[in-house]
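Me: I'm new to reading protein models. Could you take one part of this one and walk me through it closely? I'd like to hear about the salt bridges.

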Amino acid sequence: MLAVLSGLESRAMSGGHGHVEHGGNKGIALLISVLALVLAFAETLGKAAQTDALSYNIEASNLWAFYQSKTIRRTTLRTAAQQTALLADNERARKVIDEWKKTAERYQNEPETGEGRDQLEARAKAAEQKRDYARAAYHHYELSSGAVQIAIVLASASIVAAVPALAWLAGALGMLGVAFCVIGFWFPTSLHFF
């Protein structure tokens, strides 16, 4: 991007308002092409991150709903066991109560199926972390996209207005867009804006 901008210096020397040196236009065109490429990456990666964030949010919601379901079943069994213990004190009732208590404990911790409350809670929290990571990446891609879109407009305006400073500003915004794209891809949780 800096190489593209260096060609703008000769354009600045042309001076005339409305007369633009041919080499300067090539540099601006190349700058716009590079910015468009960065924009395409930012938009594509942003949509992928947004989709991931939504998917992980749905997964976390489903797991928490399953967790609540197990909690309700467990509470119902424990209450039934306590009530039965109060109403009937015989061997058959004690066996049923013991079975209910075992089932209630299984609802709490079921490592073989991964569907105990303990396992569901861990899975739901993991999905929430993935969701938050994807959401952070998405926000960086959105910032990248916005910066690059503005840069493209400024670079285009620099041709029409023959103002080299606009091209330099476009280049700076383009580099900022690249930086946000890199942060979104490799370090999405390093900066927090939202």
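Reply:

**A close look at the salt bridges**

Happy to help! This is a predicted model, with a mean pLDDT of 87 for the protein, and 87% of its residues reach 70 or more. Over residues 8–20 the pLDDT is below 50, though this stretch has 24 contacts in the model beyond near neighbours in sequence.

Now to your topic: the count comes to 6 salt bridges. Let's start with the one in which the side chains of E105 and R74 meet, at 3.1 Å from N to O. This pair links distant parts of the chain, since E105 belongs to helix α4 (residues 91–108) and R74 to helix α3 (residues 22–87), 31 residues apart. The two ends sit in unlike surroundings: E105 is partly exposed at 43% relative accessibility, while R74 counts as buried because its value is 13%, under the 20% cut-off.

Next, look at helix α5, where E121 and K125 lie 4 residues apart, about one turn of the helix. Their side chains form a salt bridge of 3.1 Å, N to O. E121 is partly exposed, with a relative accessible area of 25%, and K125 is partly exposed too, at 43%.

Finally, there is a small group to find: K70, R106 and E110 are joined into one network by salt bridges that share partners. Within this network, the side chains of R106 and E110 meet at 3.3 Å, N to O. R106 is partly exposed at 36% relative accessibility, whereas E110 is buried at 8%.

Terms used: Residues numbered from 1 in each chain as written. Predicted model: local features only at pLDDT ≥ 70, side-chain atom pairs only at ≥ 80, totals over all residues. Heavy atoms only, no water. pLDDT = per-residue confidence, 0-100. Contact = heavy atoms within 4.5 Å. Salt bridge = Lys/Arg side-chain N within 4 Å of Asp/Glu carboxyl O. Helix = DSSP H or I, 4+ residues; strand = E, 2+ residues; numbered from the N terminus. Buried < 20%, exposed > 50% of the residue type's maximum accessible area, 1.4 Å probe, protein only.
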